[in-house]
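I opened my notebook and pulled up the chain. I wanted to look at the whole first and the details after.

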Amino acid sequence: MRRKDRQRDAAFAWQVMREAPYATLSLADGAGRPYAVPVSLAADVVAGAIFFDCAVAGEMYEIFRD
């Protein structure tokens with residue numbers, strides 16, 4: 001991070017993920033084209049995992065698959 005005075009710790013990131021009603025997931029496909037989609041998510045701090053709903057078809061699925 002360029003501005004160290006604005007850096008936050010992991011606990012802050014987990015708090016934001018627990019409290020945010022939604023997030024924007026930003027990805028890039030194999031050709032480097034950006035793809036962003038709003039998602040509802042659930043964060044499990046103990047497991048260190050983030051869960052969000054995704055269909056088994058569509059652009060987001062194909063980016064993850066590839």
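My entries below go from the overall fold to the strands and then to two residues.

**Entry 1: the whole chain**

I noted at the start that this is a predicted model. I then asked how many helices and strands the protein chain has. I found two helices and four strands. Next I read their order from the N terminus, which is α-β-β-β-β-α. I wondered why the chain counts as more spread out than a compact globule. I looked up the radius of gyration, and it is 14 Å. The globule rule gives 11 Å for 66 residues, and 14 Å is well over that, so the chain is more spread out than a compact globule. I also took the span of the C-alpha trace along its principal axes, about 40 × 30 × 20 Å.

**Entry 2: surface, contacts and charge**

I checked burial next. Of the 66 residues, 14% count as buried. I wrote down an accessible surface of about 5,400 Å² for the chain. Carbon and sulfur atoms hold 54% of that surface. Then I turned to contacts between residues at least 6 apart in sequence. Among these, 36% join residues at least 24 apart. I finished with charge: the chain has 8 positive and 9 negative charges. Their mean positions lie 12 Å apart.

**Entry 3: strands E1 and E2**

I moved on to the strands. E1 covers residues 23-28, and E2 covers residues 34-39. I asked in which sense E1 and E2 pair, parallel or antiparallel. They pair in the antiparallel sense, over six bridges. I picked out serine 26, whose bridge partner in E2 is alanine 36. Five residues sit between the strands of this hairpin. There I found glycine 32 with a positive phi near 85 degrees.

**Entry 4: strands E3 and E4**

I did the same for the next hairpin. E3 is residues 41-44 and E4 is residues 49-52. These strands run antiparallel and are joined by four bridges. I asked which residue in E4 is the bridge partner of alanine 43. It is isoleucine 50. I also noted that leucine 41 has phenylalanine 52 as its bridge partner in E4. This hairpin has four residues between its strands. Glycine 48 takes a positive phi near 65 degrees in it.

**Entry 5: valine 39**

I then looked up valine 39, which is in strand E2. Is it buried or exposed? Its relative accessibility is 10%, so valine 39 counts as buried, the cut-off being under 20%. I listed what valine 39 touches, leaving out residues up to four places away in sequence: Tyr22, Ala23, Leu25 and Phe52. I also checked valine 39 against arginine 8, 31 residues away along the chain. Their C-alpha atoms are separated by 23 Å.

**Entry 6: aspartate 44**

My last residue was aspartate 44, in strand E3. Its relative accessible area is 30%, so I put aspartate 44 down as partly exposed. With residues up to four places away left out, aspartate 44 touches Trp14, Ala49 and Phe51. I asked how far aspartate 44 is from valine 16 in space. The answer is 12 Å, C-alpha to C-alpha, and the two are 28 residues apart in sequence.

Terms used: Residues numbered from 1 in each chain as written. Predicted model: local features only at pLDDT ≥ 70, side-chain atom pairs only at ≥ 80, totals over all residues. Heavy atoms only, no water. Rg over C-alpha atoms; globule rule 2.2 N^0.38 Å. Buried < 20%, exposed > 50% of the residue type's maximum accessible area, 1.4 Å probe, protein only. Contact = heavy atoms within 4.5 Å. Areas by Shrake-Rupley, 256 points an atom, 1.4 Å probe, with all protein chains shown as cover. Lys, Arg positive; Asp, Glu negative; His and termini not counted. Charge placed at Lys NZ, Arg CZ, Asp CG, Glu CD. Pairing = 2+ DSSP bridges.
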